[in-house]
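Here are my notes on the model you sent over. Have it open while you read, and go through the points in order.

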Amino acid sequence: MRELQGREPHKFDPTFRGPVHNRGCTDVLCCVIFVIVILGYIVLGTVAWMHGDPRKVVYPTDSYGQFCGQQGTPNANKAILFYFNILQCANPTVLINLQCPTTQLCVSKCPDRFATYIDMQYNYRRNKSYWDYYKQFCKPGFNNPDKPVSQVLRDEDCPSMIVPSRPFLQRCFPDFITRNGTLTVANKTNFKDGHGKVRSVVDLRDAANGITSLLDAKEVGVKIFEDYASSWFWILIGLVISMLVSLIFILLLRFTAGVLFWMVIFGVIVAVGYGIWHCYWEYSTLKGKPDSDITISDIGFQTDFRVYLQLSQTWLIFMISLAVIEAIIIIVLIFLRSRVRIAIALLKEGSKAIGCIMSTLFYPIITFLLLALCIAYWAVTAVFLASSGEAVYKVMSTLPDCKYTNLTCDPETFSQSNVTKLCPGSQCTFAFYGGESLYHRYIFVLQLCNLLVFLWLVNFTIALGQCTLAGAFASYYWALRKPEDIPPCPLASSFGRALRYHTGSLAFGALILSIVQFIRIILEYLDHKLKGAHNAFTRFLLCCLKCCFWCLEHFIKFMNRNAYIMISIYGKNFCASARDAFFLLMRNVMRVAVLDKVTDFLLFLGKLLISGSVGVLAFFFFTRQIPVIQEEVPSLNYYWVPLLTVIFGSYMIAHGFFNVYAMCVDTLFLCFLLDLEKNDGSATRPYYMASSLRAILNKKNKRPEEKKKRRKKKEQPNKRH
């Protein structure tokens, strides 16, 4: 045995016989840090809950920081926000973010008519009902219709005008209607702005740019909701069908994996061959024609690519390229045919393993629930952090040269300050919620911490699922007699081992991946902020960094996945497992490449097959093209709503099932490589791989000598007789 280890120093313990059950805790320090971080995350959520107020996100807020429609407040029956002068608002984003430089007031309903304060004051002398209607859009407590108009508009006690509006997002927006291609508001194309000018409703549209499309989107949203309400039962049936088809597809892969692969490969070869023939035919046809012998370099770059198709050189290049591709495919298949056969055999063995441990197909439900819990906690904490603090008021002015714009102010003393004199028409408007305490100054940092811990928990949940599944499938592989020697409850046992002994290792791998993802998010944020920058070097550097971290993230995901498999088998720490997995894969790099591509190809084919077939069935159903159940189809506004839902849901269900299958194949592959390095087929070190894999590699397990002697003893009496 020592001689064997001396000749092959890269191999592991040759006495290995399967997953280690007597193991100890790994990466304890990281486990302790992980637990402390979780406790700190709970404390962060508690502090945010104590300081935050989600009402600041749910309810609109007026210029005085009061919530519209909040029960137990003077605005309980005033759930809609009204803008004194919507013409001063630049765009819908400004409106929704409450940064419009005009007074904002909570009202019970939006105005339903055109009116100006000047007209109201004139008509009030004849009929007081004009004031009774208009004052509901004035500041609370103001009841002096005889106050001079100039002073009312200066103090913004009342709006200078009101326009017919309707509520959207709990805010009053002009009621735009297009009639015969003309934009109108209450059948009018012009209105008075309250300052003696006649304005066009186009000015309202420009001030509230995009509101019309948002209102249309709301109507579409209502119709979509109605479609979901009437078709949810049939959508559920479609998703159940996709789940059953996914399960059947995985179980049938043991019989169809090779057929599917070779059929598609043969189809690709035939398709490329036809392409070569077609290019040759086009080349020979154009060769004798005038002007077809011009080279591509002679005509230069052309926006109309059909010009290139008139050149014989183009088809010659296509023909040579396709011929090279065809030769590469054939050569690769000739020299890698044994590895392709191994990959297909492992795919079949993976289907058998899932058939023996069916509970693994439903483990993604646990992962989904844990991820939903992480996402919900992160979202709630983010909302409470964002809504922490007290109301902050800032000076809003319509004058571009007002030096007090965006400075903090006090609404109670603002009217007595010099700001109103230096910047006429300025307002002390509610801006956002914040504060000057230590907690409020570091809310942005706490949001970043919230994001980082969220990524850590999500990646840990995924790592726990991968390690659990790997342990269950490793138990299947290292059973010499399948399925008799498979331990009872392999999935539950693997989950317990992963959680009890390897929480620190899983947290360590998840932390590395989370840091890289966190940096990628920051780079995406910087890229979004610097989109308008003209510095080419900065954009190039940022693009390179994004590309590098994207590659790094995918490499870490690949290494983590294989490290978790080694952890589930050997029970070592994360670094040792990652190192062992890396060198094991590097010693079998060609097998890794072939298996990875074959697996990805078949699983992608399966996802398309399942989502496409269920989508076609749903299309015929929702378009009433199935006569048998035509009357059962609900009436829909948009049939594509449930159709796309079924297609997307089917793809996600197939993706969940096939992720388990991919984890199974990867685990069996690593076990297969370990089996080849550790065992030699002798009685003391037999191969654990399936007989189909042994047949491909011409490997055999020798029978123990004791069994041979027993057979001889049984054969001796028969010979005497």
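**Notes on the model**

1. Let's start with a pair of helices: α21 passes α22 in a right-handed crossing. (A crossing is right-handed if the near helix is turned clockwise from the far one by less than a right angle, and left-handed if anticlockwise.) Helices here are DSSP runs of H or I with at least four residues, strands are runs of E with at least two, and both are numbered from the N terminus.

2. Before going further, a word on the ground rules. This is a predicted model, where local features need pLDDT of at least 70 and side-chain atom pairs count only at pLDDT 80 or more, while totals for chains, interfaces and linings use all residues. Residues are numbered from 1 along each chain as its sequence is written, and side-chain values use heavy atoms, with hydrogens and water left out.

3. Back to the helices. Two packed helices are described by the angle between their axes and the distance between the axes. For α21 and α22 the angle is about 160° and the axes are 9 Å apart, and α21 and α22 are therefore roughly antiparallel to each other. The axes are lines fitted to C-alpha atoms, for helices over the stretch in contact, and the angles run from 0 to 180 degrees between N-to-C directions. As for the wording, under 35 degrees is roughly parallel, over 145 roughly antiparallel, 65 to 115 roughly perpendicular, and the rest oblique.

4. Helix α22 (residues 640-678) also packs against helix α19 (residues 536-570), at an angle of about 60° and with the axes 10 Å apart. That makes α19 oblique to α22. The crossing of α19 past α22 is right-handed.

5. How many salt bridges does the structure hold? There are 10, counting a side-chain nitrogen of Lys or Arg within 4 Å of a carboxyl oxygen of Asp or Glu. Take Glu 677 and Arg 587, whose closest N and O atoms are 2.9 Å apart. Glu 677 is in helix α22 and Arg 587 is in the loop between α20 (574-586) and α21 (589-622), so this salt bridge ties together parts that are 90 residues apart in sequence. Glu 677 is buried at 10% relative accessible area, and Arg 587 is partly exposed at 32%. (Buried means under 20% relative accessible area, exposed over 50%, and partly exposed in between, with a 1.4 Å probe and protein chains only.) Elsewhere, Arg 520, Glu 553 and Lys 557 are joined into one network by salt bridges that share partners.

6. Another salt bridge pairs Asp 157 with Lys 147, with 2.7 Å between the closest N and O atoms. Asp 157 sits in the loop between α7 (149-155) and β4 (161-162), and Lys 147 in the loop between α6 (129-134) and α7, so the pair links parts that are 10 residues apart in sequence. Asp 157 counts as buried at 10% relative accessibility, and Lys 147 counts as buried at 15%.

7. Lys 572 and Asp 580 meet in a salt bridge too, at 3.2 Å from N to O. Here Lys 572 is partly exposed at 30% relative accessibility, whereas Asp 580 is buried at 7%.

8. Next, two backbone oddities to look at. Most residues other than glycine have a negative phi. Asp 27, however, has a positive phi near 50°; this residue is in the loop between α1 (2-7) and α2 (28-51) and is partly exposed at 21% relative accessible area. Cys 489 also has a positive phi near 50°. Cys 489 lies in the loop between α16 (443-477) and α17 (490-501) and counts as exposed at 55% relative accessibility.

9. What lies 7.7 Å from Thr 26 in space, C-alpha to C-alpha? The partner is Gly 571, 545 residues away in sequence. Thr 26 belongs to the loop between α1 and α2 and counts as buried, with 9% relative accessibility.

10. Gln 447, in helix α16, is partly exposed at 22% relative accessible area. Its C-alpha is 9.8 Å from that of Val 383, and the two are 64 residues apart in sequence.
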